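Q: Could you walk me through this structure? I have not seen it before, so plain sentences would help.

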Amino acid sequence: MVNKTLSPLFIAMMSGVALFATSEATASFSFTNNSPYYLYDVNKDAGCPGTDYTKPIKPGDSVTSSADWCGFDACTSGGNPAGPGFSSSGCLEASVNGGAPNTQGGYAMWFSLSKTAGCTPGVGSSYGCALNGTNFSLNFSPITQLYSHDDAANGAKAGDVVKVNDVATNGSWLYGGINISGLEYDGTYGDALYQKSDLPEVQYFIDQRMNTVRLPIRWEFVLSDSSTQLAESHNPSSPVLNTEYMTAVHDTVAKFLKGSGNTGKGMKVIVDLHNYMRFCNTGATEGQSNEPTNPSKACRIVTPDEMAYIWGTLATQFSDLLQQYPDQLAFGLMNEPNSDSVNPLTTQQVFDNEVAAYQAIRAYQAAHNLQKNLVIFSGNNWDPLHGWTADN
């Protein structure tokens with residue numbers, strides 16, 4: 001055997017190769033997208049997956065990054081050359097049925113992933129994300145809001161937790177308040193969650209001596225086709241609950257009802273099913289064209305059985321709040337039922353649908369020993385007060 005002495009330069013070179021290889025091995029990581037969102041690398045970072053906007057990281061996809069850090073947007077739509085997806089401007093939805101992706105929408109959040117730091121959500125995000133081993137998850141997570149500055153009117157200092165003050169009595173007005181839009185709005189539940197109202201907004205109206213918030217929600221966002229495709233909703237009696245959306249709705253209603261805790265009396269809340277007596281398909285094909293006020297074959301008039309199903313579902317979801325706040329929590333069975341050129345609606349249909357919904361709510365309350373809360377019926381033809389005698 002011949003003994004050879006390695007030169008210091010050769011040793012240094014070999015060490016450098018070893019260190020370089022170790023660094024590269026450390027930098028790369030793999031993950032499976034176990035969220036209902038499509039992920040896009042917004043900055044097209046070198047070595048990161050999701051940089052091809054026509055091939056996003058779909059729910060269930062497993063991918064590998066050769067970079068240690070990647071920044072992503074989460075969208076409710078997937079990309080393809082002719083349909084909704086992503087562009088340099090952000091998440092996109094179809095603007096008409098099957099149309100080109102030229103409408104912004106479906107955005108959930110920005111976040112970063114790295115092997116060393118895991119998942120870091122964007123500042124102020126209402127979502128929590130995690131990277132546990134190879135499992136990436138993203139879910140709506142109620143956040144604790146803090147005052148950014150002193151608010152002498154409400155006795156709060158910067159850094160204090162925001163709470164809804166107790167509501168003062170307002171003379172003879174049993175229900176005096178405001179409609180706060182957002183949770184029913186736009187093409188997907190992702191848009192709705194991005195626009196959801198929260199405590200500072202409702203506190204302003206309390207300061208104006210209001211005592212009631214009417215909170216619109218959308219049927220199509222409450223239910224989805226599957227737990228992995230939450231933005232797709234085509235069945236008004238689907239057994240799949242959109243837990244992302246309902247967690248956000250429940251969190252919002254609970255915060256408004258609770259008050260400061262001194263007497264536990266915050267705002268009265270009317271949960272309003274804002275569907276005009278229609279169910280309108282949602283998802284990548286419909287995009288922004290699925291608003292119930294737009295005449296569309298993607299929408300149809302619902303039936304009594306379907307109304308009973310959705311309100312039975314909602315009563316179940318609000319069961320704890322019905323127990324705690326029966327005199328504050330009210331249900332608006334349907335916003336402004338009306339006919340359009342595609343979907344005619346008779347007053348008899350309105351009556352039958354709402355009676356079925358009412359009976360489902362009361363049956364649930366009776367079965368669970370819950371007090372009866374206020375249930376609000378609507379009339380036909382947009383439900384105007386001046387038209388009740390003529391249209392109903």
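What follows is a short chat about the overall make-up, the charged pairs and one sheet.

Q: Before anything else, what kind of model is this?
A: This is a predicted model, in which local features need pLDDT of at least 70 and side-chain atom pairs count only at pLDDT 80 or more, while totals for chains, interfaces and linings use all residues. Residues are numbered from 1 along each chain as its sequence is written, and side-chain values use heavy atoms, with hydrogens and water left out.

Q: OK, how many helices and strands does the protein chain have?
A: The protein chain has nine helices and 18 strands, where helices (H or I, at least four residues) and strands (E, at least two) are DSSP runs numbered from the N terminus. Its C-alpha atoms fill a box of roughly 105 × 50 × 40 Å, taken along the principal axes.

Q: And what share of the residues is buried?
A: Of the 392 residues in the protein chain, 50% count as buried, meaning under 20% relative accessible area, with exposed being over 50% and partly exposed in between (1.4 Å probe, protein chains only). One of the buried residues is Ser 65, at 0% relative accessibility, and Ser 65 has its place in strand β3 (residues 62-65).

Q: Switching to charges, how many salt bridges are there?
A: A search of the whole structure finds eleven salt bridges, each being a side-chain nitrogen of Lys or Arg within 4 Å of a carboxyl oxygen of Asp or Glu.

Q: Which residues are linked in a network of salt bridges?
A: The network links Lys 196, Asp 198, Asp 251 and Lys 255. Within it, Asp 198 pairs with Lys 196, their closest N and O atoms being 3.2 Å apart, and Lys 255 pairs with Asp 251 at 3.3 Å between the closest N and O atoms.

Q: Where do Lys 255 and Asp 251 lie?
A: Both lie in helix α5 (residues 243-258), four residues apart, which is about one turn of the helix.

Q: Are those four buried or exposed?
A: Asp 198 counts as buried because its relative accessibility is 10%, and Lys 196 counts as buried at 13%. Lys 255 is likewise buried at 18%, and Asp 251 is buried with a relative accessible area of 12%.

Q: What about Asp 327, which residue does its side chain meet in a salt bridge?
A: The side chain of Asp 327 meets that of Lys 265, at 3.0 Å from N to O. Asp 327 lies in the loop between α7 (319-324) and β17 (329-332), and Lys 265 in the loop between α5 and β14 (268-273), so this pair ties together parts that are 62 residues apart in sequence. Asp 327 is partly exposed, with a relative accessible area of 46%, and Lys 265 is partly exposed as well, at 36%.

Q: Different topic: in what order do the strands of the β5, β6 and β7 sheet come?
A: Three strands form an open sheet in the order β5-β6-β7, with antiparallel pairing; two strands pair if DSSP finds at least two bridges between them. β5 (86-87) and β7 (103-104) stand at the edges with a single partner strand each, so one side of each is left without a neighbour in the sheet.

Q: How many bridges join β6 to β7?
A: Two bridges join strand β6 (residues 90-93) to β7, and Glu 93 stands opposite Thr 103 in β7.
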